[in-house]
Amino acid sequence: MGGHLNINHLMFLGQGALWTIGLSTIALIGGGIVGFVIALARISPLRSVRLASAVYVQLVQGTPLLVILFLGYFGLAAIGLQVSPLAAAGASLTLYVAAYLGEIWRGCIESVPKPQWEAAEGLALSRTQRMMKVILPQAIRIATPPTVGFMVQIIKNTSLASVVGFVELMRSGQIVNNSLFEPFAIYAIIAVVYFAMCYPLSLFSQRLERRMGRGRSNLAPA
Amino acid sequence: MQQNPSPSEPIVSLRDVQKSFGALRVLDGVSFAVERGEVLALIGRSGSGKSTALRCIDRFEKVDGGEIVVCGHRVDRPDVDLRALRQDVGIVFQSYNLFPHLTIEQNITLAPCAVKGMAASQARDLARKVLAQVGLEEKLHAYPEQLSGGQQQRAAIARSLAMQPKVMLFDEVTSALDPELTAEVLKVIEQLAADGMTMVMVTHEMGFAKGIADRIVFMHRGKVHETGPASILTSPTTPELMQFVGTGNLKS
């Protein structure tokens, strides 16, 4: 009990930080893939597909991430499905991120001017061709700043995975604190590490936004 | 069902076409036909339904009633093959609508490659050819935003030409341009007419319509109010057309 913060503690925190990055990456990739499907489903010509995806988005956005994490971990266990903390956290965050990225990307796709769709239609391109060759390349440029911005939210939200026992940065801080009882110092360190991860992303997102704001010239890959 | 029209059949024909936006009746029994090689100008005040009529031809608007046949396609039917229709019909918009993320060459080659399965090298040759037609060969590798409005509109015409349509639709294509740029676009359209392209154009350029159109359709309150050869612009028979050409600028 007690003792001082030493290199072992710091290495443990460092390992937690790596898991935070790992879990964020899983959430971004998983959520990105599912979110892309959600975005397309939200603008599907089929009413049932639009409706189903809208319900999904509303359900997830109306539920705290903490509840989703508990459902993923304890809920699945209750119906006999044992999942590791990593799997539960990864799956829960994927579902969560997909709902938000899906909505962000739907907005980006819809913000490509309507006449672009019409011009592509007038050239006899199929719906898939219009989407892949005309709309998405423009939507991706619009989507980049808000997506990078949302990555900051993902990183911060992974801290909630500590409640299901996944040892990421937050949980490793709690564990170290349990042996040292120096909450202020330890959580200050944790805060600084989160900030060090998020701030560069925020800056990058702002820079991207400014560049987009300067007009269409930046749409062209020079 | 969608056989090629015989030479005597019109390329575009509208019969008693009805279209409403909510309670507003935009087209109220519109009928006209365009023969092969003919240039038809749709004129009329804003809100007279001329742009809607044009957009119905390419099925950007679905009609509520009546019959539209374009190059043998029954456009009014719900089961019309839209991709086949749009390979036969080229459309050019007021706002150019070039794809900003693609070069002019890529704008032009996209549809021939994706829709007709044309080889890339062949499509590039085609791009050069159609750009030469509109006098823009040197802009092959430029992006749309690097071009003036007039150049963008000419590139949009070239993009449409690359699909070798049987009929071209022009929806107020010079309305966003100043007089000088308007002239360069009109010159391109004049050349197309001279080459025998079938065209339907919505235009506010009365002098141009008079010079190029084989037939004028004057629309008023969703109906074809007066129609005839270009000479009706100088000697209109209805008071509405008289008033319309009186207020428009008739340069020739």
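Begin where the two chains meet: across the interface of chain B and chain A the rule finds 2 salt bridges. This is a predicted model, so every value in the tour is computed from predicted coordinates.

**Stop 1: a salt bridge between the chains**

Select A:Glu118 together with B:Arg55, and display their side chains; these two residues form a salt bridge, in which the closest N and O atoms are 2.7 Å apart. Keep A:Glu118 in view, because the residue returns at a later stop, in the lining of the largest pocket.

**Stop 2: the side of chain B that touches chain A**

Now widen the selection to the whole interface, where 8 residue pairs are found in polar contact, both residues having pLDDT 80 or more. On the chain B side, colour helix H2 (82-88), strand S6 (89-92), helix H3 (104-116) and helix H5 (149-161), each of which supplies at least two of the residues that touch chain A. Among these elements of chain B, H3(B) gives the most, with 4 residues. If you then colour by residue class, this side of chain B shows 13 nonpolar, 5 polar and 6 charged residues.

In terms of contacts, 24 residues of chain B meet 22 residues of chain A. The two chains bury about 2,000 Å² between them, and 65% of that area lies on carbon and sulfur atoms. To see where chain B contributes heavily, select B:Phe99, B:Pro100 and B:His101, which supply 29% of the area that chain B buries against chain A, more than any other three residues.

**Stop 3: the largest pocket**

Next, select A:Glu110, A:Val112, A:Pro113, A:Lys114, A:Trp117, A:Glu118, A:Glu121, A:Arg127, A:Arg130 and B:Phe60, the residues that line the largest pocket. The volume of this pocket is about 260 Å³. Helix H5 (114-122) and helix H6 (127-157) of chain A each supply at least two residues of the lining, and the largest share, 4 residues, comes from H5(A). By class, the lining of the largest pocket holds 4 nonpolar and 6 charged residues, with no polar ones.

**Stop 4: the second largest cavity**

From the open pocket, turn to enclosed space, where the count comes to 2 cavities of 30 Å³ or more. Which residues line the second largest cavity? Select A:Ala119, A:Gly122 and A:Leu123 from chain A, and then B:Ile91, B:Phe93, B:Ala156, B:Arg159 and B:Ser160 from chain B. This second cavity has a volume of about 40 Å³. H5 of chain A and H5 of chain B each supply at least two of its lining residues, while the largest share, 3 residues, comes from H5(B). The lining of the second largest cavity is made up of 5 nonpolar, 2 polar and 1 charged residues.

**Stop 5: the largest cavity**

Finish in chain B by selecting B:Phe170, B:Glu172, B:Val173, B:Thr174, B:Leu186, B:Ile189, B:Met201, B:Val202, B:Thr203 and B:Phe208, which line the largest cavity. Helix H6 (179-194) and strand S8 (198-202) of chain B are the elements that give two or more residues to this lining. The space inside the largest cavity is about 50 Å³, and the residues around that space divide into 7 nonpolar, 2 polar and 1 charged.

Conventions: Residues are numbered from 1 along each chain as its sequence is written. Chains are lettered from A and ligands numbered from 1 in the order in which they are written. This is a predicted model: local features need pLDDT of at least 70, side-chain atom pairs count only at pLDDT 80 or more; totals for chains, interfaces and linings use all residues. Side-chain values use heavy atoms; hydrogens and water are left out. Contact means heavy atoms within 4.5 Å. Buried area is the accessible area (1.4 Å probe) that two parts lose on being put together, summed over both. A salt bridge is a side-chain nitrogen of Lys or Arg within 4 Å of a carboxyl oxygen of Asp or Glu. A polar contact is a pair of N or O atoms within 3.5 Å; within protein, one must be able to donate a hydrogen and the other to accept it, and residues adjacent in sequence count only if both atoms are side-chain atoms. Ala, Val, Leu, Ile, Met, Phe, Trp, Tyr, Cys and Pro count as nonpolar, Asp, Glu, Lys and Arg as charged, and the others, Gly among them, as polar. On a 1 Å grid over the protein atoms alone, a cavity is a set of points where a 1.4 Å probe fits but cannot get out, and a pocket is an open set with protein on both sides within 12 Å along at least five of seven lines; lining residues have an atom within 4 Å of a point. Grid points are joined across faces, edges and corners, and a volume is the space filled by probe spheres set on the points.
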